[in-house]
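Student: I have a structure to go through today. Could you help me read it step by step?

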Amino acid sequence: NGLNNSDTISGPNFTTANPCTTPTNLGVSSILLDRFTMNWDAVSLANRYEIRIRAQGLSWDTITNVFGTTRTKTNLNAATTYEWQIRSICNSSGTSFSDWSTTQTATTLTPCAIPGNLSSSNVLLTSANLSWDVVPGAWAYRIRYRISGSWTFDTSYTNSISISGLNTSSNYSWQVKSMCDSTGINNSAWTSVQNFTTLTPCTNP
């Protein structure tokens, strides 16, 4: 009946673990000029997630009501490093939530520059050499040329190309653009139109 109890003694304080845990295995994918996708592992008790993101040195922008384990952030600036964090929300009212994750970073792609200093040389009856300045970071270059109508396309992995099978005595238009990755998602715009004229065959006297 509680007639023979010991005295109450004080022990050290303790804190119970927060059952709403922070997402782990964070990463990014599909990095483009104006967007990238954030990925993480699911948290078993999570009702949803919140993400906060910012360009380095600027204020946070919070994305609420994130469901699933990926989120693509769009309308970003090219060639910019962004920081992001995520936390779990473990009830519908939003009163149970985890700590923010460690800061993750991702840098959007740098736009592929338009080639400059275009020139044509060694223009003969049915062939010509085309060249332009090297674009830093370019994976390849796409070339197109025509007399009129449809373009003929070619690809060069250096800053020049020799084209053949041309018509004699013909004025050709041509353009080039740089490709900064093999998938073609980061290409420059086409250059302005350039021109050359193939030689006219020498006639017998």
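Student: How many bridges join strand 10 to strand 11, and which way do the two run?

Tutor: This is a predicted model. In it, strand 10, residues 140–146, is joined to strand 11 by five bridges, and the two run antiparallel. Within this pair, Tyr 145 stands opposite Thr 152 of strand 11.

Student: What holds strands together in general?

Tutor: Strands of a sheet pair through backbone hydrogen bonds, in a parallel or an antiparallel manner.

Student: Which sheet does that pair belong to, and in what order do its strands come?

Tutor: Strands 10 and 11 are part of an open sheet of four strands, ordered 11-10-13-14, with antiparallel pairing. Its edge strands are strand 11 (152–156) and strand 14 (194–197), each of which pairs on one side only. On average, neighbouring strands in this sheet are turned by 30 degrees against each other, direction ignored.

Student: Now the sheet with strands 1, 2 and 5. In what order are they, and which stand at the edges?

Tutor: Those three strands form an open sheet in the order 1-2-5, and the pairing is antiparallel. Strand 1 and strand 5 (70–73) are at the edges with a single partner strand each, so one side of each has no neighbour in the sheet. Here, too, the average turn between neighbouring strands is 30 degrees, direction ignored.

Student: How many bridges are there between strand 1 and strand 2?

Tutor: Strand 1 pairs with strand 2 (residues 36–39) over three bridges, in the antiparallel sense. As an example, Gly 27 has Asn 39 in strand 2 as its bridge partner. The loop between these two strands contains Ser 30, a residue that has a positive phi of about 50 degrees although it is not a glycine.

Student: Where else is there a positive phi in a residue other than glycine?

Tutor: Asn 122 has a phi near 50 degrees, which is positive, and it is not a glycine. Asn 122 belongs to the hairpin of strand 8 and strand 9, where six residues lie between the strands.

Student: Is Asn 122 buried or exposed, or in between?

Tutor: Asn 122 is partly exposed, because its relative accessible area is 48% and that class lies between the limits of 20% and 50%.

Student: How are the two strands of that hairpin paired?

Tutor: Strand 8 and strand 9 run antiparallel and are joined by three bridges. Ser 119 stands opposite Ser 131 of strand 9. Strand 9 also pairs with strand 12 (residues 160–163), over four bridges and again in the antiparallel sense. In that second pairing, Ala 128 has Ile 163 of strand 12 as its bridge partner.

Student: Which side chains of strand 9 are buried?

Tutor: Ala 128 and Leu 130 point to one face and are buried, whereas Asn 129 and Ser 131 point to the other face and are not. In a regular strand, the side chains alternate between the two faces of the sheet.

Student: Changing topic: which residues make the nonpolar surface patch?

Tutor: Leu 124, Leu 125 and Leu 199 make a nonpolar surface patch of about 230 Å². Of these, Leu 125 is found in the loop between strand 8 (119–121) and strand 9 (128–131). Leu 125 counts as partly exposed, since its relative accessibility is 36%.

Student: And how many disulfides does the count come to?

Tutor: The count comes to two disulfides. In one, Cys 20 and Cys 90 have their sulfur atoms 2.0 Å apart. This pair links distant parts of the chain, 70 residues apart: Cys 20 is in the segment before strand 1 (27–29), and Cys 90 is in the loop between strand 6 (81–89) and strand 7 (104–107). The torsion about their S-S bond is about 85 degrees, so the disulfide is right-handed.

Student: Are those two cysteines buried or exposed?

Tutor: Cys 20 is buried, with a relative accessible area of 3%. Cys 90 is buried as well, at 18%.

Student: What about Cys 112 and Cys 180?

Tutor: Cys 112 and Cys 180 form a disulfide with their sulfur atoms 1.9 Å apart. Cys 112 lies in the loop between strand 7 and strand 8, and Cys 180 in the loop between strand 13 (171–179) and strand 14, so the pair ties together parts 68 residues apart in sequence. Both cysteines are buried.

Student: Is Cys 202 buried or exposed?

Tutor: Cys 202 is exposed, with a relative accessible area of 80%.

How values were computed. Residues are numbered from 1 along each chain as its sequence is written. Side-chain values use heavy atoms; hydrogens and water are left out. Two strands pair if DSSP finds at least two bridges between them. Axes are lines fitted to C-alpha atoms, for helices over the stretch in contact, and angles run from 0 to 180 degrees between N-to-C directions. Patches are made of residues with over 30% relative accessible area and no salt bridge: like charges are joined within 9 Å, nonpolar side chains (Val, Leu, Ile, Met, Phe, Trp, Tyr) within 5 Å. Accessible areas come from the Shrake-Rupley method with a 1.4 Å probe; for residues, only the protein chains shown count as cover. A salt bridge is a side-chain nitrogen of Lys or Arg within 4 Å of a carboxyl oxygen of Asp or Glu. Buried means under 20% relative accessible area, exposed over 50%, partly exposed in between (1.4 Å probe, protein chains only). A disulfide is a pair of cysteine sulfur atoms within 2.5 Å.
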